[in-house]
Amino acid sequence: MAVTTPPALDAHRLRADFPVFDELVNGKPVAFLDSAASAQKPRQVLDAMRDFYEHSYANVHRGVYRLAERATAGYETARRKVAGFVNAPSERELIFTRSATESLNLVAYAWGLDNLGPGDVVLVTELEHHSSFVPWQYVAHRTGAAFRAIPIDDHGELDLDALATVEGEGTVKVVACNLVSNTLGTVNPALKLGAWAHERGAIMVVDAAQAAPHRPLDVQALDCDFLALSSHKLCGPSGSGALWGRRELLEAMSPFNLGGEMIRSVAIEKTTWNELPYKFEAGTPAIAEAVGFGAAVDYLSEVGLEVIERHEHELLEYALGRLGELPWVETYGPVPERRAGIVSFNVEGVHPHDVAQVLDWEGVAVRAGHHCTQPLMTKLGVAATTRASFYLYTIPEEIDRLVEGLHKVKKSLG
Ligand SMILES: Cc1ncc(COP(=O)(O)O)c(C=O)c1O
């Protein structure tokens with residue numbers, strides 16, 4: 001079979017779509033290396049939201065007047081786009097939420113509280129984001145289920161040999177794992193873990209918050225049961241996320257939030273639930289944000305997810321090479337082939353917050369802290385790291401500025 005390499009991405013050209021790159025910080029253009037926290041927004045997304053507010057805004061699913069019909073059409077078109085983006089078999093299985101965090105809480109509460117109990121095991125990983133760790137830890141505690149985490153090895157990869165031990169500890173009911181680690185960039189073997197989970201009758205919950213912006217996603221090929229993503233990490237607005245779930249599971253589940261929209265009928269004696277996906281969308285949703293989410297998905301699809309993935313990979317290799325020139329910088333995580341465009345590192349003898357502060361003076365925006373992965377920090381034996389993360393608009397010159405900034409950090413604080 002012929003292997004086709006996706007064409008190269010022209011990041012300089014794409015940057016013209018993002019108004020933020022016209023901004024100066026301390027008189028310098030911003031080198032934005034914090035896309036893993038949240039991505040910048042192209043005009044196409046901003047225009048779609050403005051256009052919606054100016055010409056189609058009303059509440060959804062309620063009015064019979066034309067504006068309300070237009071609003072509903074905009075919202076439901078966005079649902080179709082996001083469902084298509086993850087190759088969902090049906091758009092009814094695509095629930096709009098506020099964020100990936102809310103999507104993961106929805107599953108933990110609405111599935112977990114009714115399906116877990118003593119003797120069961122909930123399995124997460126040591127490199128989970130707190131959003132995929134804490135809800136399961138809490139619900140396991142509430143239901144009496146055991147809570148375990150797959151450890152990572154010295155390369156920042158999941159140690160799947162540990163699965164054999166977990167098995168002896170009870171009935172594994174849930175495996176929850178991110179597809180891409182937000183701290184190390186590790187691309188996790190979600191397909192393999194899902195197969196292992198299914199062989200044991202467990203569900204597989206994939207946190208794709210960090211994968212969805214950067215690589216093609218297909219819930220059917222991944223053969224998972226739930227998948228969470230958020231809009232703000234893929235160039236869409238904040239306040240909007242999505243959960244895809246297998247229809248039969250969603251249908252069997254109790255609701256998560258209760259109120260308007262999610263009901264079929266309400267009486268003093270009894271309330272019944274609406275059909276999917278509305279059963280899980282109580283109250284007025286983030287309507288324009290969903291429209292922006294849909295526009296972001298269109299934008300990324302037009303650029304091409306394979307092309308974005310390859311671009312980030314090239315940047316990652318470049319960054320690891322350049323950081324490798326600095327013997328006083330320690331980087332964490334697996335080999336480039338096994339990771340996405342995220343680099344966590346520490347500068348010898350300097351706290352990550354100070355590193356980030358000096359870099360900011362140079363107009364370089366990075367994240368410093370535990371990245372909502374405290375169990376991983378404990379494993380690495382550090383309190384925090386500095387993290388640089390790349391996206392479709394990142395250019396190698398920004399990585400050069402990072403390295404120049406690190407020399408200044410070393411000179412002034414090291
Ligand atoms: C891997 C991962 N999961 C979940 C989340 C939470 O996403 P959201 O901000 O949409 O709640 C993040 C955000 O940093 C993340 O990186």
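Reader: What makes histidine 232 a polar contact of the ligand?

Author: In this predicted model, an N or O atom in the side chain of histidine 232 is 2.8 Å from an oxygen atom of the ligand. The cut-off for a polar contact is a pair of N or O atoms within 3.5 Å, so the pair counts.

Reader: What is the distance from the side chain of lysine 233 to an oxygen atom of the ligand?

Author: An N or O atom in the side chain of lysine 233 is 2.6 Å from an oxygen atom of the ligand. That value is within 3.5 Å, and therefore lysine 233 makes a polar contact.

Reader: Why does histidine 129 count as a polar contact of the ligand?

Author: A polar side-chain atom of histidine 129 lies 3.3 Å from an oxygen atom of the ligand. The limit is 3.5 Å, so this pair counts too.

Reader: How much of the accessible area of the ligand does the protein cover?

Author: On its own the ligand has 390 Å² of accessible area, and the protein covers 89% of it.

Reader: Which residues surround the ligand, and what puts them in that list?

Author: The shell consists of Ser99, Ala100, Thr101, His129, Ser131, Asn182, Asp207, Ala209, Gln210, Ser230, His232 and Lys233. Each is listed because one of its heavy atoms lies within 4 Å of the ligand. By class, the shell has two nonpolar, eight polar and two charged residues.

Reader: How do you know which pocket the ligand sits in?

Author: The space taken by the ligand is the largest pocket. The test is that more than half of the atoms of a molecule lie within 2 Å of the grid points, so the ligand meets this for the largest pocket.

Reader: What is known of the volume and lining of the largest pocket?

Author: Its volume is about 280 Å³. The lining of the largest pocket has 20 residues, and His129, Ser131, Asn182, Gln210 and Lys233 lie nearest its centre. Six of the lining residues are nonpolar, ten polar and four charged.

Reader: Which residues lie closest to the centre of the second largest pocket?

Author: The second largest pocket holds about 230 Å³ of space. Of its 18 lining residues, Phe96, Thr97, Arg98, Glu102 and Pro285 are the closest to its centre. Strand E4 (94–97) and helix H4 (100–115) are the elements that give two or more residues to this lining. The lining of the second largest pocket divides into nine nonpolar, six polar and three charged residues.

Reader: Why is the space lined by Ser35 and Phe390, among others, called a cavity?

Author: It is called a cavity because a 1.4 Å probe fits there but cannot get out. The structure holds one cavity of 30 Å³ or more, and the largest cavity has about 40 Å³ of space. Its lining includes Gln210, His214 and Glu312. By class, the lining of the largest cavity has four nonpolar, five polar and one charged residues.

Reader: What makes the bond between leucine 276 and proline 277 cis?

Author: Omega is about 0° for the peptide bond that joins leucine 276 and proline 277. Proline 277 is in the loop between strand E12 (271–273) and helix H10 (287–303).

Technical notes:
Residues numbered from 1 in each chain as written. Predicted model: local features only at pLDDT ≥ 70, side-chain atom pairs only at ≥ 80, totals over all residues. Heavy atoms only, no water. 1 Å grid on protein atoms, 1.4 Å probe; cavity = no way out; pocket = protein on both sides within 12 Å on 5 of 7 lines; lining within 4 Å. Points joined across faces, edges and corners; volume = space filled by probe spheres on them. Nonpolar A, V, L, I, M, F, W, Y, C, P; charged D, E, K, R; others polar. Helix = DSSP H or I, 4+ residues; strand = E, 2+ residues; numbered from the N terminus. Polar contact = N/O pair within 3.5 Å; in protein donor to acceptor, adjacent residues only side chain to side chain. Areas by Shrake-Rupley, 256 points an atom, 1.4 Å probe, with all protein chains shown as cover.
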